Amino acid sequence: EACSIFEGDWFDATPELLGGTFDIVYDCAALTAVDPSRRTEYVDVLTKLLKRSGWVVIVAAEFDEASVDASLLALGPHSFSEGEVRSVFADFDVEVVEESE
(Lines give C-alpha, C1' and ligand atoms only; values in the text may rest on other atoms or scores of the structure.)
Protein backbone atom coordinates (compact mmCIF):
# COMPACT_ATOMS: atom_id res chain seq x y z
CA GLU A 1 0.00 0.00 0.00
CA ALA A 2 1.25 3.48 -0.83
CA CYS A 3 2.58 5.79 1.86
CA SER A 4 2.01 9.53 1.67
CA ILE A 5 4.10 12.08 3.51
CA PHE A 6 2.71 15.51 4.24
CA GLU A 7 4.78 18.52 5.20
CA GLY A 8 3.26 21.55 6.82
CA ASP A 9 2.17 23.20 10.04
CA TRP A 10 0.78 20.58 12.43
CA PHE A 11 -1.71 23.07 13.82
CA ASP A 12 -3.30 23.42 10.36
CA ALA A 13 -3.78 19.65 9.91
CA THR A 14 -7.32 18.39 9.37
CA PRO A 15 -8.79 15.04 8.31
CA GLU A 16 -9.86 16.67 5.03
CA LEU A 17 -6.32 17.89 4.29
CA LEU A 18 -4.72 14.55 5.19
CA GLY A 19 -7.29 12.31 3.54
CA GLY A 20 -9.16 11.04 6.58
CA THR A 21 -8.53 9.85 10.11
CA PHE A 22 -5.95 7.42 11.40
CA ASP A 23 -5.87 4.21 13.42
CA ILE A 24 -2.59 5.01 15.13
CA VAL A 25 -0.35 8.01 15.75
CA TYR A 26 3.32 7.49 16.57
CA ASP A 27 4.85 10.58 18.16
CA CYS A 28 8.58 10.25 18.66
CA ALA A 29 9.55 13.50 20.39
CA ALA A 30 7.33 15.77 18.28
CA LEU A 31 5.19 16.70 21.27
CA THR A 32 8.30 17.53 23.31
CA ALA A 33 9.34 20.00 20.59
CA VAL A 34 6.04 21.87 20.91
CA ASP A 35 6.02 24.87 23.23
CA PRO A 36 4.48 23.56 26.48
CA SER A 37 1.81 26.30 26.32
CA ARG A 38 0.54 24.76 23.03
CA ARG A 39 0.47 21.10 24.06
CA THR A 40 -3.28 21.06 24.63
CA GLU A 41 -3.79 22.58 21.18
CA TYR A 42 -1.49 19.90 19.71
CA VAL A 43 -3.57 17.16 21.35
CA ASP A 44 -6.79 18.78 20.08
CA VAL A 45 -5.48 18.51 16.50
CA LEU A 46 -4.31 14.95 17.10
CA THR A 47 -7.72 13.98 18.51
CA LYS A 48 -9.47 15.23 15.36
CA LEU A 49 -7.10 13.17 13.21
CA LEU A 50 -7.50 9.96 15.20
CA LYS A 51 -10.30 7.43 14.80
CA ARG A 52 -12.39 6.97 17.96
CA SER A 53 -10.82 3.54 18.51
CA GLY A 54 -7.34 4.78 17.59
CA TRP A 55 -4.10 4.52 19.50
CA VAL A 56 -1.42 7.09 20.29
CA VAL A 57 2.14 5.97 21.02
CA ILE A 58 4.36 8.67 22.51
CA VAL A 59 8.11 8.65 23.04
CA ALA A 60 8.96 11.56 25.31
CA ALA A 61 11.70 12.55 27.73
CA GLU A 62 11.39 13.93 31.22
CA PHE A 63 14.41 15.89 32.43
CA ASP A 64 15.36 18.82 34.64
CA GLU A 65 15.08 21.83 32.33
CA ALA A 66 16.73 24.04 34.95
CA SER A 67 19.95 22.09 34.41
CA VAL A 68 20.03 22.97 30.70
CA ASP A 69 21.05 26.30 29.16
CA ALA A 70 17.75 28.10 28.45
CA SER A 71 18.92 29.13 24.96
CA LEU A 72 19.19 25.44 24.05
CA LEU A 73 15.56 24.86 25.02
CA ALA A 74 14.11 27.71 22.96
CA LEU A 75 12.99 25.37 20.18
CA GLY A 76 12.71 22.24 22.31
CA PRO A 77 12.89 19.59 23.34
CA HIS A 78 10.99 20.33 26.52
CA SER A 79 10.60 17.96 29.41
CA PHE A 80 7.31 16.06 29.36
CA SER A 81 6.47 14.22 32.57
CA GLU A 82 4.01 11.38 32.95
CA GLY A 83 1.75 13.74 34.90
CA GLU A 84 1.78 16.21 32.02
CA VAL A 85 1.01 13.41 29.55
CA ARG A 86 -1.95 12.37 31.68
CA SER A 87 -3.11 15.98 31.94
CA VAL A 88 -3.07 16.85 28.22
CA PHE A 89 -4.42 13.41 27.28
CA ALA A 90 -7.13 13.52 29.97
CA ASP A 91 -9.74 12.02 27.60
CA PHE A 92 -7.49 9.04 26.79
CA ASP A 93 -6.64 5.87 28.68
CA VAL A 94 -2.95 6.42 29.36
CA GLU A 95 -0.65 3.45 29.94
CA VAL A 96 3.08 3.74 30.53
CA VAL A 97 4.66 0.94 28.55
CA GLU A 98 8.29 1.54 29.49
CA GLU A 99 10.34 3.93 31.57
CA SER A 100 14.10 4.23 31.78
CA GLU A 101 16.50 6.42 33.68
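Residues count as buried under 20% relative accessible area, as exposed over 50%, and as partly exposed in between. The close-ups below show a predicted model.

**View 1. W10 and Y42 form a stacked aromatic pair.** At 26% relative accessibility, W10 falls between the two limits and is therefore partly exposed. Its partner Y42 is buried, at 6% relative accessibility. The ring centres of W10 and Y42 are 4.9 Å apart, with 25° between the planes. The contact joins distant parts of the chain, as W10 is in the segment before α1 (15-18) and Y42 is in helix α3 (residues 39-49). The two residues are 32 residues apart. The structure has two aromatic pairs by the ring-centre rule.

**View 2. F89 and F92 form an edge-to-face aromatic pair.** The centres of the F89 and F92 rings lie 5.2 Å apart. Planes over 60 degrees apart count as edge-to-face, and the planes of F89 and F92 stand at 80°, so the pair belongs to that class. F89 is buried, with 3% relative accessible area, whereas F92 is partly exposed at 24%.

**View 3. The charged end of R38 sits over the ring of F11.** The distance from the charged end of R38 to the centre of the F11 ring is 3.7 Å.

**View 4. Five residues make a nonpolar surface patch.** I24, Y26, W55, V57 and V59 together form this patch of about 540 Å². Strands β1 (22-28) and β2 (50-59) are the elements that each give two or more residues to the patch. The most comes from β2, which gives three residues. One of the patch residues, V57, lies in strand β2. V57 has 34% relative accessibility and so counts as partly exposed. Membership of a patch requires over 30% relative accessible area, a limit that the 34% of V57 passes.

**View 5. C3 and C28 are not joined by a disulfide.** A search of the whole structure returns zero disulfides. C3 takes part in none, and its nearest cysteine sulfur, that of C28, is 16 Å away. A disulfide is counted when two cysteine sulfur atoms are within 2.5 Å. Seen from C28, the closest cysteine sulfur is that of C3, and the 16 Å between them is too far for a bond. C3 is exposed, with a relative accessible area of 68%. C28 is partly exposed, with a relative accessible area of 48%.

Definitions and conventions: Residues are numbered from 1 along each chain as its sequence is written. This is a predicted model: local features need pLDDT of at least 70, side-chain atom pairs count only at pLDDT 80 or more; totals for chains, interfaces and linings use all residues. Side-chain values use heavy atoms; hydrogens and water are left out. Patches are made of residues with over 30% relative accessible area and no salt bridge: like charges are joined within 9 Å, nonpolar side chains (Val, Leu, Ile, Met, Phe, Trp, Tyr) within 5 Å. Accessible areas come from the Shrake-Rupley method with a 1.4 Å probe; for residues, only the protein chains shown count as cover. A salt bridge is a side-chain nitrogen of Lys or Arg within 4 Å of a carboxyl oxygen of Asp or Glu. Helices (H or I, at least four residues) and strands (E, at least two) are DSSP runs, numbered from the N terminus. Buried means under 20% relative accessible area, exposed over 50%, partly exposed in between (1.4 Å probe, protein chains only). Rings of Phe, Tyr and Trp (its six-membered ring) pair if their centres lie within 6.5 Å; planes under 30 degrees apart count as stacked, over 60 as edge-to-face and the rest as tilted. A charge sits over a ring if NZ of Lys or CZ of Arg is within 6 Å of the ring centre and within 35 degrees of the ring normal.
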